[in-house]
Amino acid sequence: MESGTDAVTMRDVTVRYGSILALDGVDLAVRKGEAVGIVGPNGSGKSTILKAVAGLIMPAAGDVRVFGREPRELAPGTIGYVPQIEEVDWSFPVDVRDVVAMGRFPRMRLLAPTAPDDRRRTDAALDALGLGELQTRHIAELSGGQRQRVFVARALAQDPQLLLLDEPTTGVDAATENALLAIVRDLVRRGMPIVMTTHDLDRAAEWFDRLVVVDRKIVESGEPRAVLASEAFHGIREHAHTHGHPRG
Ligand SMILES: Nc1ncnc2c1ncn2[C@@H]1O[C@H](COP(=O)(O)OP(=O)(O)O)[C@@H](O)[C@H]1O
Ligand SMILES: [Mg+2]
């Protein structure tokens, strides 16, 4: 694989939170038009991988590149990051449209009126996620599936070149899951690189071109069905059970 064609490259990445070693020598490359799923027990570093790629946390060691550059050197809006919905403050006084329009903020000019292009992108993202009717609803009044769709819409309104999704299927209804799957596969077909964490293993082969098992480092990577059948994956599952981690 030519590194010049990679959308994401992580080389020997170590991340610490104080004394906690969250990632210990992670190597991962993601190509354009590739959907990579990340699975692993709770606390194994899945969210930390996405945050390191998004430039939200700095590695203690190693190198993270997105389109050949450090994440923070990229033009604003290049990376669409959808956080785990547990990490979002739902009491923040904004409605659905406000949140989705925030996806446009990196591109808006200070003190300039909202450009038609920003409104068009916001409308398109609301439509794509079936949120048109909910535009004026306060985000505190949404179901889990609706909340998840709002944050995916925000990332799409941004018109990103890389999409990072942290457990977008956890706690959502079947209709939302199917809508998200269709959106992800359509974006991938059009060349978008996507990295997504999940606990939903049953449909991993539908979602992903490649599945990566993480336990502070990458312990297995490959075609989803092969990875789910691998000894490394089952070793992790056993480990997760004996340590009492709940699995979704
Ligand atoms: N902000 C933080 N401060 C301290 N420890 C953290 C923080 N975020 C994550 N951790 C710890 O880092 C490890 C990896 O966390 P995380 O990447 O969230 O795992 P996962 O997403 O796989 O559940 C866990 O031990 C977690 O408790
Ligand atoms: Mg997580």
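Here is a short chat between a biologist and a modeller about the predicted model shown above.

Biologist: Let's start with confidence: what pLDDT does the protein average?
Modeller: Keep in mind that this is a predicted model. Of the residues, 91% score at least 70. There is a weak stretch, since residues 244–248 have a pLDDT below 50, and beyond near neighbours in sequence that stretch has 9 contacts in the model. Taken over the protein, the average pLDDT is 91.

Biologist: How many helices and strands does the protein have, and what is its radius of gyration?
Modeller: The secondary structure comes to 8 helices and 9 strands. For 248 residues the globule rule gives 18 Å, and the model is close to that, so the protein is as compact as a globular protein of that length. The radius of gyration is 18 Å.

Biologist: What box do the C-alpha atoms fill?
Modeller: The box is taken along the principal axes of the protein. Its dimensions are roughly 55 × 40 × 35 Å.

Biologist: Among contacts between residues at least 6 apart in sequence, what share joins residues at least 24 apart?
Modeller: While we're on totals, buried residues make up 39% of the 248 residues. As for the contacts you ask about, the share joining residues at least 24 apart is 70%.

Biologist: Which element gives the largest share of the shell around ligand 1?
Modeller: The residues around ligand 1 include Tyr 17, Ile 20, Ala 22, Gly 40 and Asn 42, along with Gly 43, Ser 44, Gly 45, Lys 46, Ser 47 and Thr 48. Two elements give two or more residues to this shell, strand E2 (20–31) and H1. With 3 residues, the largest share comes from H1.

Biologist: Which class of residue, nonpolar, polar or charged, has 7 members in that shell?
Modeller: Sorting the shell around ligand 1 by class gives 3 nonpolar residues and 1 charged residue. The class with 7 residues is polar.

Biologist: Is helix H1 largely enclosed or open, and how many of its residues are buried?
Modeller: Helix H1 covers residues 46–54, and its buried residues include Lys 46, Ile 49, Leu 50 and Val 53. Just after H1 comes Gly 55, with a positive phi near 80 degrees. The helix is largely enclosed by the rest of the structure, because the number of buried residues is 9 of the 9.

Biologist: Which strands pair with E3?
Modeller: E3 (residues 35–39) is mostly covered, with 5 of its 5 residues buried. On one side sit Ala 35, Gly 37 and Val 39, and on the other Val 36 and Ile 38. Val 36 has Val 195 as its bridge partner in E7, while Val 39 has Val 213 in E8. E3 pairs in the parallel sense over 4 bridges with E7, and 4 bridges also join it in parallel to E8.

Biologist: Which residue of E6 is the bridge partner of Val 82?
Modeller: E5 (residues 79–82) has Ile 79 and Tyr 81 pointing one way and Gly 80 and Val 82 the other, all of them buried. E5 runs parallel to strand E6 (residues 162–166), with 4 bridges joining the two. The E6 partner of Val 82 is Leu 165.

Biologist: Is Gly 80 buried or exposed, and how far is its C-alpha atom from that of Ser 44?
Modeller: Gly 80 is found in strand E5. Its contacts, leaving aside neighbours within four places in sequence, include Ala 155, Leu 156, Pro 160 and Leu 163. Gly 80 counts as buried because it has 24 C-beta neighbours inside 10 Å. Ser 44 is 36 residues away along the chain, and the C-alpha atoms of the two are separated by 23 Å.

Biologist: Asp 12 and Glu 167 both have a positive phi without being a glycine; which of them is buried and which partly exposed?
Modeller: Most residues other than glycine have a negative phi. Asp 12, at about 50 degrees, is found in strand E1 (residues 6–17), whereas Glu 167, also at about 50 degrees, is found in the loop between E6 and helix H5 (174–189). Asp 12 has 14 other C-beta atoms within 10 Å, so Asp 12 is partly exposed. Glu 167 has 23 C-beta neighbours inside 10 Å, so Glu 167 counts as buried.

Terms used
Residues are numbered from 1 along each chain as its sequence is written. Chains are lettered from A and ligands numbered from 1 in the order in which they are written. This is a predicted model: local features need pLDDT of at least 70, side-chain atom pairs count only at pLDDT 80 or more; totals for chains, interfaces and linings use all residues. A residue is buried if 20 or more other C-beta atoms lie within 10 Å of its own, exposed if 12 or fewer, and partly exposed in between; C-beta atoms are placed from the backbone. A residue is near a molecule or strand if its C-beta atom, placed from the backbone, lies within 6 Å of it. Ala, Val, Leu, Ile, Met, Phe, Trp, Tyr, Cys and Pro count as nonpolar, Asp, Glu, Lys and Arg as charged, and the others, Gly among them, as polar. Two strands pair if DSSP finds at least two bridges between them. pLDDT is the predictor's confidence in each residue, from 0 to 100. Two residues are in contact if their C-beta atoms, placed from the backbone, lie within 7 Å. The radius of gyration is taken over C-alpha atoms; the globule rule is 2.2 Å times the number of residues to the power 0.38.
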